[in-house]
Amino acid sequence: MLWYILIMKTHCGEVNAVFNKRFSSFALYEGNDVEDCFPYQVSSKFRPRDLDKTFIKGLRKWLVDFQLDEGLTKFLFLREIKQEERVNLICKIVHICEVAKDEWMAFLWDGTDAPPISLPTKLDDELNNLVPLQLEPVPLPRDVLCTFPTVGTVLRVIFDQGMQKHLLHFLHTGKWVKFLNILCEVHSGLWRGVLTPFTKLQYTPNEDHLVSAWQRLYNERLSLKWGRIPYSSFPWPSNITEVDYDNVPFVTLRDVLTYSEVTVKFKCVARVVAALPWQAEDFRTPLGTYRIRLTLEDPTARIHALLYGEDGEKFFGGYPSVDALTRKLNKLLGLTVSDNGKQINNAPRNPPWVQFCLKSYCLSKTEVWGSRHYRIFDTKVVE
């Protein structure tokens with residue numbers, strides 16, 4: 001962009017360049033690394049000069065080589081973020097898409113697990129406000145989800161206060177970026193980042209020492225025997241559940257979602273963030289068959305998993321009393337109860353990390369994305 005005689009002003013919180021039509025002129029050029037030096041918009045009085053090409057090429061090179069003044073800036077991992085805090089992150093952009101009309105979302109990853117979030121206590125809200133599986137209104141296509149790393153949180157990031165038009169064209173899939181002053185918040189019980197007017201960003205080459213360190217730590221994690229279990233569950237998940245497959249390696253829920261075969265068995269470490277129905281007296285049909293849908297969560301994804309029939313019988317240790325079933329569910333959901341077993345209202349709940357055996361299946365002969373279902377099997381709640 002070249003301007004001749006302009007004034008910088010703010011309007012509605014945004015910076016604008018104002019020019020006088022009688023004395024000023026301007027030309028707008030693409031800022032990315034392209035070969036031509038032809039403006040895509042000019043004022044009526046603009047007259048190109050050979051020197052303009054030199055300026056434009058110099059500005060483009062400066063944009064690529066520009067280094068933010070980081071000073072004593074501290075960059076955090078996603079596993080260190082906290083609610084309602086502005087942080088500095090180094091992340092790889094794994095995807096960008098329009099999730100609603102004129103609303104875009106970026107998906108960031110650094111190989112670590114965002115911390116688990118405390119959840120509201122009111123379970124009856126699940127009847128009217130179902131716990132979402134993702135922040136975007138519609139699940140991402142399978143071919144996109146399969147490009148994501150299967151270990152580590154993918155942070156959904158939105159744009160705040162008109163920042164979309166300023167920052168969106170700077171974001172490109174597959175690039176590492178340093179984000180300064182990104183706001184971290186919780187929405188629907190899931191982590192979300194916000195790019196605000198105070199956010200700065202800079203593309204960072206793979207050779208950058210911090211990027212190299214982030215990638216090395218991720219590779220070291222994958223080399224560990226227990227590298228696919230949630231970071232916050234170390235050194236081992238809760239012993240609230242037992243599974244029958246001790247020698248089977250753990251996988252993440254994103255591994256489960258993206259596995260190439262349909263009918264497969266898995267072993268995971270996850271939390272129970274919701275149950276439907278949530279009252280123990282409704283766990284069985286009138287014929288006495290267990291039928292419960294649990295919403296499971298790990299740092300990579302959320303899924304619905306069904307407890308049905310004999311799998312439910314094994315899970316709960318037969319057909320215990322309603323009070324005993326309630327105690328088991330309270331443990332899984334992380335509910336705080338008083339000495340007499342009553343729920344303590346307004347106390348945040350923190351579901352424990354527990355082991356599950358899952359199997360995937362499809363009800364139709366031809367699989368369509370989103371048609372896979374998941375059942376819990378060979379898992380038992382221990383009193």
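## The second largest pocket

In this predicted model, the second largest pocket holds about 1000 Å³ of space. Its lining is made up of 42 residues, and those closest to the centre of the pocket are Leu-133, Gln-134, Leu-257, Arg-302 and Ile-303. By class, the lining of this pocket comprises 25 nonpolar, eight polar and nine charged residues.

Several elements contribute to the lining of the second largest pocket. At least two residues each come from strand 8, strand 10 (190-195), helix 6 (253-258), strand 14 (291-298), strand 15 (301-308) and strand 17 (372-376). Strand 15 supplies the largest share, six residues.

## The cavity

Rolling a probe the size of a water molecule over the atoms shows where empty space is left. When the whole structure is searched, one cavity of 30 Å³ or more is found. The volume of the largest cavity is about 30 Å³.

Which residues line the largest cavity? They are Asp-113, Gly-152, Arg-221, Arg-228, Ile-229, Pro-230, Thr-252, Asp-298, Pro-299 and Thr-300. This lining divides into three nonpolar, three polar and four charged residues.

## Salt bridges

Side chains of opposite charge can pair when their charged atoms come close. A search of the whole structure yields ten salt bridges. One of them joins Arg-221 and Asp-113, whose closest N and O atoms are 2.7 Å apart. Arg-221 belongs to helix 5 (residues 209-223), whereas Asp-113 lies in the loop between strand 7 (103-109) and helix 2 (125-128); the pair therefore links parts of the chain that are 108 residues apart. Both residues of this pair, Arg-221 and Asp-113, are buried, and both appear in the lining of the largest cavity.

A second salt bridge is formed by the side chains of Glu-136 and Arg-156, with an N to O distance of 2.9 Å. Because Glu-136 lies in the loop between helix 2 and helix 3 and Arg-156 in strand 8, this pair ties together parts that are 20 residues apart in sequence. Glu-136 and Arg-156 are both buried. The side chains of Asp-208 and Lys-178 also meet in a salt bridge, at 3.4 Å from N to O. Here Asp-208 is in the loop between strand 11 (200-204) and helix 5, and Lys-178 is in strand 9 (residues 176-187), 30 residues apart. Asp-208 and Lys-178 are buried as well. In addition, Asp-244, Lys-314 and Asp-378 are joined into one network by salt bridges that share partners.

## The nonpolar cores

In soluble globular proteins, nonpolar side chains tend to be buried together. The largest nonpolar core of this model contains 57 residues, of which Leu-294, Leu-296, Phe-315, Phe-356, Leu-358 and Ile-376 touch the most other members. Strand 13 (residues 264-276) gives the most to this core, namely six residues.

What does Leu-358 contact beyond its neighbours within four places in sequence? Its partners are Leu-253, Val-264, Lys-265, Phe-266, Cys-268, Leu-296, Ile-303, Ala-305, Arg-375, Ile-376 and Phe-377. Of these, Ile-303 is also among the residues closest to the centre of the second largest pocket. A second, separate core has 26 residues, including Val-87, Met-163, Phe-179 and Cys-184.

## The position of Cys-146

Cys-146 is located in the loop between helix 3 (142-145) and strand 8 (154-159). Is Cys-146 buried, partly exposed or exposed? With a relative accessibility of 40%, Cys-146 counts as partly exposed, because this class lies between under 20% for buried and over 50% for exposed.

Cys-146 and Leu-257 are 111 residues apart along the chain, and their C-alpha atoms are separated by 8.6 Å. Leu-257 is itself one of the residues closest to the centre of the second largest pocket.

Methods: Residues numbered from 1 in each chain as written. Predicted model: local features only at pLDDT ≥ 70, side-chain atom pairs only at ≥ 80, totals over all residues. Heavy atoms only, no water. 1 Å grid on protein atoms, 1.4 Å probe; cavity = no way out; pocket = protein on both sides within 12 Å on 5 of 7 lines; lining within 4 Å. Points joined across faces, edges and corners; volume = space filled by probe spheres on them. Nonpolar A, V, L, I, M, F, W, Y, C, P; charged D, E, K, R; others polar. Core = buried A, V, L, I, M, F, W, Y, C linked by side-chain atoms within 4.5 Å. Buried < 20%, exposed > 50% of the residue type's maximum accessible area, 1.4 Å probe, protein only. Helix = DSSP H or I, 4+ residues; strand = E, 2+ residues; numbered from the N terminus. Contact = heavy atoms within 4.5 Å. Salt bridge = Lys/Arg side-chain N within 4 Å of Asp/Glu carboxyl O.
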